[in-house]
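Work through the exercises below with the structure at hand. Try each task before reading its solution.

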Amino acid sequence: MGVLMSKRQTVEQVQKEVLEDKEAEAGTPVVQEESSVNRAAWERLRDGRGVEPEEFDRTSRFTPPAFIRPTRKLDDDKPPDICLEPREPIVNDEMCDICEVWTAESLFPCRVCTRVFHDGCLRRMGYIQGDSAAEVTEMAHTETGWSCHYCDNLNLLLTEEEMYSLTETFQQCKVIPDCSLTLEDFLRYRHQAAKRGDSDRALSDEQEEQAARQFAAMDPEHRGHIEWPDFLSHESLLLLQQLRPQNSLLRLLTVKERERARATFLARGSGNTISEAECRWAQHSWFCKRLIEVPSCGVSISHVGPLADSSPASSSGKSQDKPLLPAEHESRSVDWPTFLRENAVYILAARPNSAAIHLKPPG
């Protein structure tokens with residue numbers, strides 16, 4: 001992610017580029033045309049009208065950034081200080097994360113992080129293509145929201161060491177990258193992964209049924225196969241659950257995700273506690289990525305997760321979404337820290353734009 005610039009800094013940068021273009025005006029007509037475009041862009045900024053990303057249509061500007069995998073800090077297993085009150089303020093970035101240009105026009109906010117993007121920049125980078133461009137435009141300014149390319153890929157949460165471990169498992173189980181998997185492929189992989197390091201160990205019938213339910217959750221359209229990105233996200237989540245303590249997973253939550261968790265806890269709970277049934281309901285409800293019609297706005301805080309009780313969508317499906325629990329579980333009270341720990345991995349699993357449920361909650 002580049003360094004954000006103020007409007008004044010942006011004006012100065014554009015002005016510098018215009019001067020450079022003036023020096024090269026003696027060149028070809030293409031250079032002269034580009035110079036006039038950049039000069040017009042500077043005039044828009046000078047007059048406070050903003051600048052469009054199309055006015056900086058240079059190939060050298062739009063090169064994919066090198067992604068550096070995260071590293072775990074020594075104290076990331078210690079409980080983070082995430083209090084129920086006071087609420088955390090959410091402020092989206094002012095400039096496009098790709099071109100780093102301030103604009104008076106609409107930006108697409110990510111529902112997970114604070115990054116914002118121009119649709120033109122997303123197209124140039126290849127992050128949205130074809131029909132997905134219209135879907136992004138439609139979803140970004142609704143309560144459902146849209147996840148940027150950083151947050152949509154759960155595999156990017158893994159460290160280099162964790163990714164090496166996952167790659168080694170794929171190689172030993174003869175998984176072909178970038179290929180879809182049928183139910184038979186998925187179950188075969190789960191059996192081979194279970195036997196890794198212990199040839200006598202195998203999936204039980206109950207575990208195989210659970211794997212089949214997980215496959216169905218990742219294939220909501222019943223096409224008979226799951227796409228590679230969905231499979232990779234699922235396996236990345238399982239590895240995070242296996243290798244990291246819950247406190248480490250809590251540190252992966254963004255301010256928007258923490259605020260949605262707070263809003264849900266306060267809306268569904270009573271005082272400083274929430275029932276076990278409501279806690280389980282929340283685990284399922286993070287995956288409610290239904291489209292809700294709301295007025296469009298310039299930069300919004302998108303919503304994914306449990307809907308308010310007053311929402312028509314919530315009232316119509318609430319009884320169906322809530323899992324049935326034994327009486328002894330319904331009587332258990334869950335406080336805020338426990339609620340957050342038990343929901344963290346499912347909040348992370350709900351990040352991708354895909355309709356697939358990458359980690360099916362119990363019940």
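The exercises that follow start with the whole chain and then turn to its salt bridges. Keep in mind that the model is predicted.

**Exercise 1. Describe the chain as a whole.**

Task: State how many helices and strands the chain has, and what share of its residues counts as buried.

Solution:
- Step 1. Count the elements. There are 15 helices and six strands.
- Step 2. Turn to burial. The chain has 363 residues, and 46% of them count as buried.
- Step 3. Look at the surface. About 19000 Å² is exposed, with 51% of it supplied by carbon and sulfur atoms.
- Step 4. Check the contacts. Take those between residues at least 6 apart in sequence: 76% of them join residues at least 24 apart.

**Exercise 2. Examine a salt bridge inside one helix.**

Task: Find the salt-bridge partner of Arg188, and work out how the two residues are placed in helix α7.

Solution:
- Step 1. Identify the partner. Arg188 pairs with Glu184, and their closest N and O atoms are 3.3 Å apart.
- Step 2. Locate both. Helix α7 covers residues 183–195, and the two residues are four apart in it, so about one helical turn separates them.
- Step 3. Judge exposure. Arg188 is partly exposed at 39% relative accessible area. Glu184 has 56% and counts as exposed, because the cut-off for exposed is over 50%.

**Exercise 3. Compare two more salt bridges.**

Task: Are Glu257 and Arg351 buried or exposed? Ask the same of Glu221.

Solution:
- Step 1. Start with Glu221. Its salt-bridge partner is Arg223, with 3.8 Å between the closest N and O atoms.
- Step 2. Read the accessibilities. Arg223 is partly exposed at 44%. Glu221, at 56%, counts as exposed.
- Step 3. Move to the other pair. The side chains of Glu257 and Arg351 form a salt bridge, 2.7 Å from N to O.
- Step 4. Place its ends. Glu257 sits in helix α11 (residues 255–268), while Arg351 belongs to the segment after α15 (336–349), so the pair ties together parts 94 residues apart in sequence.
- Step 5. Apply the cut-off. Buried means under 20% relative accessible area. Glu257 has 1% and is buried. Arg351 has 6% and is buried too.

**Exercise 4. Find a network.**

Task: Name the residues that salt bridges with shared partners join into one network.

Solution:
- Step 1. List the members. They are Arg87, Glu88, Arg258, Glu259 and Arg262.
- Step 2. Set the total. A search of the whole structure finds 16 salt bridges.

Conventions:
Residues are numbered from 1 along each chain as its sequence is written. This is a predicted model: local features need pLDDT of at least 70, side-chain atom pairs count only at pLDDT 80 or more; totals for chains, interfaces and linings use all residues. Side-chain values use heavy atoms; hydrogens and water are left out. A salt bridge is a side-chain nitrogen of Lys or Arg within 4 Å of a carboxyl oxygen of Asp or Glu. Buried means under 20% relative accessible area, exposed over 50%, partly exposed in between (1.4 Å probe, protein chains only). Contact means heavy atoms within 4.5 Å. Accessible areas come from the Shrake-Rupley method with a 1.4 Å probe; for residues, only the protein chains shown count as cover.
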